[in-house]
Amino acid sequence: MAETTAQKKNAHSITLKEVSKFYGDFLGVNRISLNIEPGIIGLVGPNGAGKSTLMNLIAGLITPTRGSITVNGVTSAQPETFYQHLGYCSQYDSFPAGIKGYDFVLNTLLVHGYKQKIAEQLTEQTLEQVSLTEAAFKPVDSYSKGMRQRIKLAQSICHQPNVLILDEPLNGLDPMARAQVIELFREFANAGKIVLISSQILHEVDLISDRVILLNSGYLVAEGDLSQIQSETGEPMKIFIRSNDASQIASKAFDLSHVVEVQLHYDNKGLFIRSSNADAFFLDLNRLVIQENWTIESMGAADETIEALYQNLIIEQRVAS
């Protein structure tokens, strides 16, 4: 089937326009607008934030109350084309009784319309990708939690989609399997695919994500890379500086209008500075270093992590309210 001009224009993207989902009077998500492009995108937020609802909406498992969603320019109203583009891995286990891992993947490919021989080749290839070749002909019921997680991942990637929707995909994996799966995600992203991952493990999302989407109570709190979110939200940036002139730097920093906090390290050779305007701070610091002839050993962002943004944008909002 030839792709339409609109599909080509929107290739490798997920677009949500003013998407809302209500379950009766209960809010799932409200007025979400996003354009998600290739890379690894971390979807984070507290329990009840709307993460699973958003993933189910994108995957076409539920329909929005209002708004529109397209995946590579296609809507879920065109299921045959839609699910060629998309692979989905649920956080919940649901397997036919007694099915073997090999058949679980093979049957998925046959449903997608692949010929038997090609489906068998792709099944073997996919099981090797998730390190389940040896367990391929064992019943899924006998698999460990980590193995069940990997066979679900295999089912979601076997038809070679360019958009992956993965709900808590690292749950139950041992450290080695976790590292292998994360490497697989990076390979997909490097190949120009979209990998949307929901996780409660903030430091792992921080390590693997190119961009993040923060949800809270059904609303989009922030979206983008970490520095972009900090800039757009006006969230003060925390900078760590190591210098023998730390005390003098701290004294001068207090005079800068955009500096909201200065903490001197206990050894008097380091300090934390929080600034509401990072660009202005670095310009002023450069000027002062030249003017005062200070020596800077090292300097960098002290809190540019998803966990820090989560703390600042979600948890502190709750405390304030």
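**Helices and salt bridges**

Biologist: Hi! Let's start with glutamate 292: what does it count as at 27% relative accessibility?

Modeller: Glutamate 292 counts as partly exposed at that value. The cut-offs explain it, because buried means under 20% and exposed means over 50%, with partly exposed in between. Do keep in mind that this is a predicted model.

Biologist: Got it. Which side chain does glutamate 292 meet in a salt bridge?

Modeller: The partner is lysine 252, at 3.7 Å from N to O. Glutamate 292 belongs to helix α11 (residues 278–292) and lysine 252 to helix α10 (residues 246–253), so the pair ties together parts that are 40 residues apart in sequence.

Biologist: And what does lysine 252 count as?

Modeller: Lysine 252 is partly exposed, because its relative accessibility is 33%.

Biologist: Nice. How many salt bridges does a search of the whole structure find?

Modeller: The search turns up eight. In one of them, arginine 148 pairs with aspartate 93, and the closest N and O atoms are 2.6 Å apart.

Biologist: Where do arginine 148 and aspartate 93 lie?

Modeller: Arginine 148 sits in helix α6, while aspartate 93 is in the loop between β5 (86–89) and α4, so this salt bridge ties together parts 55 residues apart in sequence.

Biologist: Are those two buried or exposed?

Modeller: In between! Arginine 148 is partly exposed at 22% relative accessibility, and aspartate 93 is partly exposed at 35%.

Biologist: Which residues are linked with Asp93 in a network of salt bridges?

Modeller: Arg148 and Lys152 are in that network together with Asp93.

Biologist: Switching to strands: which side chain does glutamate 261 meet in a salt bridge?

Modeller: Glutamate 261 meets arginine 274, with 3.4 Å from N to O. Glutamate 261 is in strand β11 (residues 259–264) and arginine 274 in strand β12 (residues 270–275), so the pair links parts of the chain 13 residues apart.

Biologist: Is arginine 274 buried or exposed?

Modeller: Arginine 274 is buried, at 17% relative accessible area. Glutamate 261, at 28% relative accessibility, counts as partly exposed.

Biologist: Last topic, helix α4. Which of its residues are buried?

Modeller: Helix α4 covers residues 101–111, and the buried ones are Gly101, Tyr102, Phe104, Val105, Leu106, Thr108 and Leu109.

Biologist: What do the buried residues of α4 pack against?

Modeller: They pack against α5 (116–129) and α6 (145–157). Arginine 148, from our earlier salt bridge, lies in α6.

Biologist: And what does glycine 113 do just after α4?

Modeller: Glycine 113 takes a positive phi of about 100 degrees.

Definitions and conventions: Residues numbered from 1 in each chain as written. Predicted model: local features only at pLDDT ≥ 70, side-chain atom pairs only at ≥ 80, totals over all residues. Heavy atoms only, no water. Buried < 20%, exposed > 50% of the residue type's maximum accessible area, 1.4 Å probe, protein only. Helix = DSSP H or I, 4+ residues; strand = E, 2+ residues; numbered from the N terminus. Contact = heavy atoms within 4.5 Å. Salt bridge = Lys/Arg side-chain N within 4 Å of Asp/Glu carboxyl O.
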